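Okay, thanks for coming, everyone. I'd like to walk through one structure with you today, so let me put it on the screen.

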Amino acid sequence: MKRKDILGIKDLSKSEVNEILSTANTMRDMLDRNERGTSLNGKSVATLFYENSTRTRNSFESAAKKLGAATMSISVAASSVQKGESLVDTGKTLDALKTDFIIIRHPVAGSPRLLAETVKASVINAGDGMNEHPSQAFLDALTATRHFGSLAEKKVVIVGDIKHSRVARSDVLLFGMLGASVTVCGPYTLLPEGIDSLGCEVETDFDRALDGANMVIPLRLQLERMDQAFFSSREEYHEYYGVNEKRLKACADDFIVMHPGPINRGAEIAGDVADGAFSVIEEQVTNGVAVRMAMLQLLATSGEI
């Protein structure tokens, strides 16, 4: 891989995608053997999160430490950002501290790209607004490929709050690149106009969408991003779009259920499904560390930093 930053799936070539997944598989095997790497010895990784996060921030920090890097977590609430410091100036400060990697989550789409253009450090997008979340898409794809091998002709159904989901956009792009067919499903109010231009099918009938599905990905209802009522109640939403055992009978025999987390039980997914035999949600968490290890290692050895 010959690039300084990882900002979105749409920026990556098929060969880069395969390189990240192949390296992530190697990293997953390393994790299973409880081994640590040394490829980031002497490097520093800063997590700069302007939005709350548990899984993604901790996953990146764990990945960095397992490869030998020093990490620093910047709490925006207690930083100079609260005094009016701009993103660019924060980036310049991190550059002056000789930071090698900046992992950024920001509520404004395009912020990671702006940062990447103004700093020497490698920038990895950990979610920007309603745009992309590339490392989540890669951990979803890694989980799927470890179950199915090739994803050619496999059917992926992403259901729920497509409108506000950066995960959905990155998943549609990445799974499509890997040969899967992707259907996004939800009520009209949560389906953004033009989403089909990314290469997916659009459906409002969840039961119809599930027919023959190999992978089902319910999305968290992002109530914090909603400024108006997009559905009448959590109970009604679950009735029509919740993932439950009865609905999953329409899937292919070898289906799996994924979820980007955190889970709203009884809303987008039933508790018995989240904890059931077809759920690979915990596996996704481990694969998330492997994917982020792969991204950091590939950027570190790219010759671009």
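One bit of vocabulary before the tour: when I call two axes oblique, I mean that their angle falls outside the other classes, which are under 35 degrees for roughly parallel, over 145 for roughly antiparallel, and 65 to 115 for roughly perpendicular. And please keep in mind that this is a predicted model.

So, the helix pair. Helix α1, residues 14-32, packs with α10 at an angle of about 120°, and their axes are 8 Å apart. With those cut-offs, α1 and α10 are therefore oblique to each other. As for handedness, the α1 and α10 crossing is right-handed.

While we're talking about side chains, have a look at Arg292. Its charged end sits over the ring of Phe60, 5.0 Å from the ring centre.

Now the sheets. There's an open sheet of four strands, and going across you read β2-β1-β3-β4, with parallel pairing. Which strands stand at the edges? That would be β2, at 70-75, and β4, at 122-128; each has a single partner strand, so one side of each is left without a neighbour in the sheet. On average, neighbouring strands here are turned by 15° against each other, direction ignored. In the middle of that order, β1 (residues 44-49) and β3 (residues 101-106) pair in the parallel sense, over five bridges. If you want a spot to click on, Leu48 stands opposite Ile104 in β3.

Next, an open sheet with five strands: the order is β7-β6-β5-β8-β9, and the pairing is parallel. At its edges you find β7, 201-203, and β9, 256-257, each pairing on one side only.

Let me stay on β8 for a minute. On one flank, β5, residues 155-159, pairs with β8 in the parallel sense over four bridges, and Val157 stands opposite Val216 in β8. On the other flank, two bridges join β8, residues 215-218, to β9, and those two strands run parallel as well. There, Met215 has Ile256 in β9 as its bridge partner.

And are the faces of β8 covered or open? Both are covered: Met215 and Ile217 on one side, Val216 and Pro218 on the other, and all of them are buried.

Last stop, the rings. How many aromatic pairs does a search of the whole structure find? Two. In one of them, Tyr237 and Tyr241 are tilted, at 5.8 Å centre to centre with 35° between the planes. Why do those two line up along the chain like that? They're four residues apart in helix α8, residues 234-241, so about one helical turn separates Tyr237 from Tyr241. Both Tyr237 and Tyr241 are buried.

The other pair is Phe255 with Phe278, and that one is stacked: 4.2 Å centre to centre, 25° between the planes. This pair links distant parts of the chain, with the two positions 23 residues apart: Phe255 is in the loop between α8 and β9, while Phe278 is in the loop between α9 (271-274) and α10 (281-300). Their surroundings don't match, either. Phe255 has a relative accessible area of 8%, so it counts as buried, whereas Phe278, at 41%, is partly exposed.

Okay, that's the tour. I'm happy to rotate the view if anyone wants to look at something again.

Terms used: Residues are numbered from 1 along each chain as its sequence is written. This is a predicted model: local features need pLDDT of at least 70, side-chain atom pairs count only at pLDDT 80 or more; totals for chains, interfaces and linings use all residues. Side-chain values use heavy atoms; hydrogens and water are left out. Two strands pair if DSSP finds at least two bridges between them. Rings of Phe, Tyr and Trp (its six-membered ring) pair if their centres lie within 6.5 Å; planes under 30 degrees apart count as stacked, over 60 as edge-to-face and the rest as tilted. Buried means under 20% relative accessible area, exposed over 50%, partly exposed in between (1.4 Å probe, protein chains only). A charge sits over a ring if NZ of Lys or CZ of Arg is within 6 Å of the ring centre and within 35 degrees of the ring normal. Axes are lines fitted to C-alpha atoms, for helices over the stretch in contact, and angles run from 0 to 180 degrees between N-to-C directions. A crossing is left-handed if the near helix is turned anticlockwise from the far one by less than a right angle, and right-handed if clockwise.
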